[in-house]
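Let's explore this protein together, one question at a time. Have a look at the picture first, and then we'll talk through how its parts pack.

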Amino acid sequence: MSDSDPFDLGSIPEEETARSLSAQASAAVRPPYLTGLNDNQREAVEAMNGPVLVLAGAGTGKTRVLTTRLAHVLATRNAWPSQILAVTFTNKAAREMQNRIGMLVGGVVEGMPWLGTFHSIGAKILRRHAELVGLRSDFTILDMDDQNRLLKQLIRADGIDEKRWPARQLASYIDGWKNRGLTPDKVPAGDAEHYGNGKGATLYAAYQARLKILNAADFGDLLLECLRLFQENPTVLADYQERFKYMLVDEYQDTNVAQYLWLRLLAQKHKNICCVGDDDQSIYGWRGAEVDNILRFEKDFPGAKVVRLEQNYRSTPHILGAAAGLITANESRLGKTLWTDLNEGEKVTLRGLWDGEEEARVISEDIEQLQRKGHLLREIAILVRASFQMREFEDRFINLGLPYRVVGGPRFYERMEVRDANAYLRLVAQADDDLAFERIVNKPKRGLGDKALQTLHQLARAQGISLMRAARLVVDTEELRQPARRNLKAFVEMVDRWRALVPGMGHIELAETILDESGYTEMWQNDRSADAPGRLDNLKEVVRSMDHFENLAGYLEHISLVMEIEQNDTIDKVNLMTLHSSKGLEFDTVFLPGWEEGLFPHQRSLDESGISGLEEERRLAYVGITRAKKNARISFASNRRIHNLWQSSIPSRFVDELPKDHVEVIQGDTSFGNYAEFGQSRFDHEFTQSNYGGPGWQRAQANARAGAMKTRPPNIEAHAELIATSDPAASSYEAGERVFHQKFGYGLVAEIDGNKLTVEFEHSGRKKVIDTFVERHD
DNA sequence: CTGGAGGATCTTTTT
DNA sequence: GATCCTCCAG
């Protein structure tokens, strides 16, 4: 952070606040919710005033501490529910906290309006003060797909070669900047160069401007714009600072810079901020998370009390030992020693196999054996590094008829048909939602292809209006050919009709009506492809899921913020998921396949982030092992088919880092597996002094050098203003003027109706056109 | 304007 | 192997 950092408010002085009388009184009695906590947990709960950092190792009762702490604040009457800000990363975590507090405090938690994810709370605050950041309170929240399409338009408008500079890349840069709390004007010059020969920052600015016109915010904006709101409006900030007497942050190790700045601003007044996290479980660096936030906590919040939770209630000593041994190889960590008083249990097993297929087969056999012994399938999980690894397991499970569930997986909301359905609903809720309009205007086919859309775009851009408004104008003219015009008119009228239904009709019935009348359902019914029935099911599911909400707006807010759809999981199934999505979960038995160099640690992590990438991968391994309560089974294959190409692989360096005492090597009968040397690592020979000498690390170093050489001096070019501001109300043309029209040629203006002109064209006859599409020709 | 064929490019993780 | 994209023929 530079000196000019607008958020740098200096350090927070320590403040001695007397504990309230009621707090002291209740401490003396020791309320029921405090019983059963260990000393450290209780310390974390009762340290109410001033900043507190709770370093909660895996399985140490973190959620319990969090919820109990909230209950404690409430029970001691130190704050009302509405005065507590409690933020989590996932909706699941928020939900769980809500439920558990409900159980502790007894009953309704409706009164916790500020418990939620960073993004949902950011959205809530932004909606209250939208006008201060150039939005309306009903702004749309864009997802990544919308974002990409929007960027594509901007990139094209700027004449940049899309092949060379993909929109996704720009999206990820913008995302990165937003994560770091950087508005377009603050993007460091060096950063902007990476995209489009220095056009990165200008495009970012254009994108932000476009978002404002669309009355939309992307994910990053929910935080960044909130920050800007606070920064530019001290009274608004002061109001929230005053309001939040207590702040609670879950998974603090996953916060990014923007979130950190946001929290720090809000904590200025009362300074009762309690952050809970585990630096050893920080696995979202690629998404902008700064482990540094947690490592630096005591400096950021002087006088902070740090509580370590080290008693693990989940895993056996062997599992903890293996995980602990592994994680000590990391250099940047605060350091904790987990211990448990559980019985020793079984060692972590290690198995080398021939290829991925054998790995899937052997693991399936293990699972069937466990099943025969009476283990529940839902207590078994397979945690993979990358989702492509799932396929082999799925194939095998389907073959065996073994019930399984993919956790996380391709998300419901991301499916094309679901997004289409939602686009219809968005358009009805908000006619100016251009991205929704574009998405479904020709779905099902209405004969409104590229050309029609281009005309609309041109008009919309020239007049600074939305596509829907442009469509309304165009249908009264002859800019489009007859069939297209008639279809567009029908479309506009259809949307208007639905819109008129909104006040009277329930949103569920409305959704059904829309999907039916639009012909969207029919489109899939007529589709003979294999996945059509599934898509129809998903559409039904969309409608069904709407009854959790009071109205359309509530539903739309939900789907844009909540990625997953709740599925009832009563059936006993094996869990299959990535290591990332396993965080926070626990299972009796955990399978950890694919521990091979290049896959885990993943080559790309090493290439892109060097040491810190490797350390993050190692934390991922740590997270994986510590998910296991009784059994952890690691495996690696000597051959793996990646991309339809066979590659031979060597065991992961993490295998070598596992402490021998806690690991049992299983020699398979069929298997090959060249891991007899386990314990005397090849890395010992090659790189004696450091963990960071591996091939990946060297490549990363080389890449870093190459990257530095690639940088060029900034080459900022003026960016054409995309949106002209003209007054759509009145036309500057007068009757009798001679004009030129791209399609119809020369003519004389006969009549004027607002910005619609009736022109007598020399060759094409009398036509109604929009003034934007003609030019004066004296 | 649509639909199909063929080509390129990828597959780390996601609120 | 899949998906996304572009191009070309109807």
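Q: Which helix gives the most to the largest nonpolar core?
A: In this predicted model, the largest nonpolar core has 72 residues. Those with the most contacts inside it include Leu85, Trp262, Leu263 and Leu266. With eight residues, the helix that gives the most to this core is α12 (residues 257-266).

Q: How many residues are in the other core?
A: This core lies apart from the largest one. Among its members are Leu427, Met468, Leu473 and Ala532. Its residues number 55.

Q: Is helix α7 roughly parallel or roughly perpendicular to helix α9?
A: Helix α7 (residues 167-179) and helix α9 (residues 200-213) pack with their axes 11 Å apart, at an angle of about 80°. Angles from 65 to 115 degrees count as roughly perpendicular. Therefore α7 is, relative to α9, roughly perpendicular.

Q: How many residues of the contact of α7 with α9 are nonpolar?
A: On the α7 side, the contact is made by Leu170, Ile174, Trp177 and Lys178, while α9 brings residues including Leu203, Tyr204 and Leu211. Sorted by class, two residues are polar and one is charged. The nonpolar ones number eight.

Q: What is the handedness of the crossing of α18 and α26?
A: Helix α18 (residues 416-429) and helix α26 (residues 552-561) pack at about 130°, with axes 11 Å apart. That angle makes α18 oblique to α26. Asn422, Leu425, Arg426 and Ala429 of α18 meet Leu552, Tyr555, Leu556 and Ile559 of α26. The crossing is left-handed.

Note on methods
Residues numbered from 1 in each chain as written. Chains lettered and ligands numbered in written order. Predicted model: local features only at pLDDT ≥ 70, side-chain atom pairs only at ≥ 80, totals over all residues. Heavy atoms only, no water. Core = buried A, V, L, I, M, F, W, Y, C linked by side-chain atoms within 4.5 Å. Buried < 20%, exposed > 50% of the residue type's maximum accessible area, 1.4 Å probe, protein only. Helix = DSSP H or I, 4+ residues; strand = E, 2+ residues; numbered from the N terminus. Axes fitted to C-alpha atoms, helices over the stretch in contact; angles between N-to-C directions. Parallel < 35°, antiparallel > 145°, perpendicular 65-115°, else oblique. Left-handed = near helix turned anticlockwise from the far one by under 90°. Contact = heavy atoms within 4.5 Å. Nonpolar A, V, L, I, M, F, W, Y, C, P; charged D, E, K, R; others polar.
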